[in-house]
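Q: Please take a close look at one part for me, the lining of the pocket, and then carry on from there into the strands. Keep it informal, but give me the residues.

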Amino acid sequence: MHTDYDSPYQWNWNTTHHAEASHEIRAIAYGILGCKRMAAVTVVVDNTLPVGKITSPNMGAYVSGICPMSLFGSDANFAAMELYTDEKLMETWYIGGSWTYNWSTRAYSDGEHIIRLIIWDLAGNNRTVSIPVTVDNTV
């Protein structure tokens with residue numbers, strides 16, 4: 001319960017004290033002449049981070065040519081999964097699950113690079129998974 005007498009009328013809700021489920025939030029406005037109006041909205045509390053994994057290549061692997069990547073991202077309220085090599089966005093998926101991506105390492109210099117996967121949910125929670133790999137196209 002919260003009462004606010006001054007404009008702008010606002011309330012910060014710490015959702016970590018509430019179950020992850022649907023909740024109804026009601027606002028009631030009272031006029032000086034006794035008028036009363038109510039509005040309600042249903043929201044979903046989601047404080048759980050998405051799950052994500054880079055299943056291949058392995059951490060620290062040496063890669064060359066076309067490197068197949070196997071990726072996984074999931075959440076009850078899945079929004080998106082983004083794949084980066086170093087800071088370059090390579091692909092975005094809007095459906096959770098297992099995905100593959102064929103990375104052409106020829107466009108990258110030999111040496112260490114970071115593969116990063118970011119999984120987002122509809123509440124804005126995100127999980128980042130990163131692994132280093134070494135590109136070696138000298139063969």
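A: Two strands to look at here are β1 (22-30) and β2 (36-44), since each of them supplies at least two residues of the lining of the largest pocket. Bear in mind throughout that this is a predicted model. Between contributors, β1 gives the most to that lining, with 8 residues. The pocket itself has a volume of about 850 Å³. In total 21 residues line it, and if you want to find its centre, go to His2, Thr3, Arg26, Ala27 and Ile28, the closest ones. As for chemistry, the lining splits into 12 nonpolar residues, 5 polar ones and 4 charged ones.

Stay on β1 for a moment, because Tyr30 lies in that strand and counts as exposed, at 59% relative accessibility. How far apart in space are Tyr30 and Tyr101? Going by their C-alpha atoms, 57 Å, with the two positions 71 residues apart in sequence. So much for Tyr30; Tyr101 takes us to the nonpolar core.

That core, the largest nonpolar one, has 21 residues, and Leu71, Leu83, Tyr101, Trp103 and Ile115 have the most contacts inside it. At least two residues come from each of β5, β6 (78-85), β7 (88-93), β8, β9 (111-121) and β10 (126-135). The largest share belongs to β10, with 4 residues.

Now the sheets. One is open, has 3 strands in the order β3-β5-β8, and pairs antiparallel. Its edges are β3 (51-56) and β8 (97-104): each has a single partner strand, so one side of each has no neighbour in the sheet. On average, neighbouring strands here are turned by 25 degrees against each other, ignoring direction.

Zoom in on the pairs in that sheet. β3 and β5 (residues 66-74) are joined over 5 bridges in the antiparallel sense. Two bridges to click on: Val51 has Ser74 of β5 as its partner, and Ser56 has Ser70 of β5. On the other flank, β5 and β8 run antiparallel and are joined by 8 bridges. There, Cys67 has Trp103 of β8 as its bridge partner, and Trp103 is one of the residues with the most contacts in the nonpolar core.

Which side chains of β5 are buried? The strand alternates: Cys67, Met69, Leu71 and Gly73 point to one face and are buried. Ile66, Pro68, Ser70, Phe72 and Ser74 point to the other face and are not buried. Of the buried set, Leu71 is listed with the most contacts inside the core, while Ser70 and Ser74 from the other face turn up as bridge partners of Ser56 and Val51.

The other sheet to trace is also open, with 5 strands in the order β4-β10-β9-β6-β7 and mixed pairing. Here β4 (62-63) and β7 are the edges, each with a single partner strand, so one side of each is left without a neighbour in the sheet. At the β7 end, β6 and β7 pair antiparallel over 5 bridges. In that pair, Thr85 has Lys88 of β7 as its bridge partner.

How values were computed: Residues are numbered from 1 along each chain as its sequence is written. This is a predicted model: local features need pLDDT of at least 70, side-chain atom pairs count only at pLDDT 80 or more; totals for chains, interfaces and linings use all residues. Side-chain values use heavy atoms; hydrogens and water are left out. On a 1 Å grid over the protein atoms alone, a cavity is a set of points where a 1.4 Å probe fits but cannot get out, and a pocket is an open set with protein on both sides within 12 Å along at least five of seven lines; lining residues have an atom within 4 Å of a point. Grid points are joined across faces, edges and corners, and a volume is the space filled by probe spheres set on the points. Ala, Val, Leu, Ile, Met, Phe, Trp, Tyr, Cys and Pro count as nonpolar, Asp, Glu, Lys and Arg as charged, and the others, Gly among them, as polar. Two strands pair if DSSP finds at least two bridges between them. Axes are lines fitted to C-alpha atoms, for helices over the stretch in contact, and angles run from 0 to 180 degrees between N-to-C directions. A nonpolar core is a set of buried Ala, Val, Leu, Ile, Met, Phe, Trp, Tyr and Cys residues joined through side-chain atoms within 4.5 Å. Buried means under 20% relative accessible area, exposed over 50%, partly exposed in between (1.4 Å probe, protein chains only).
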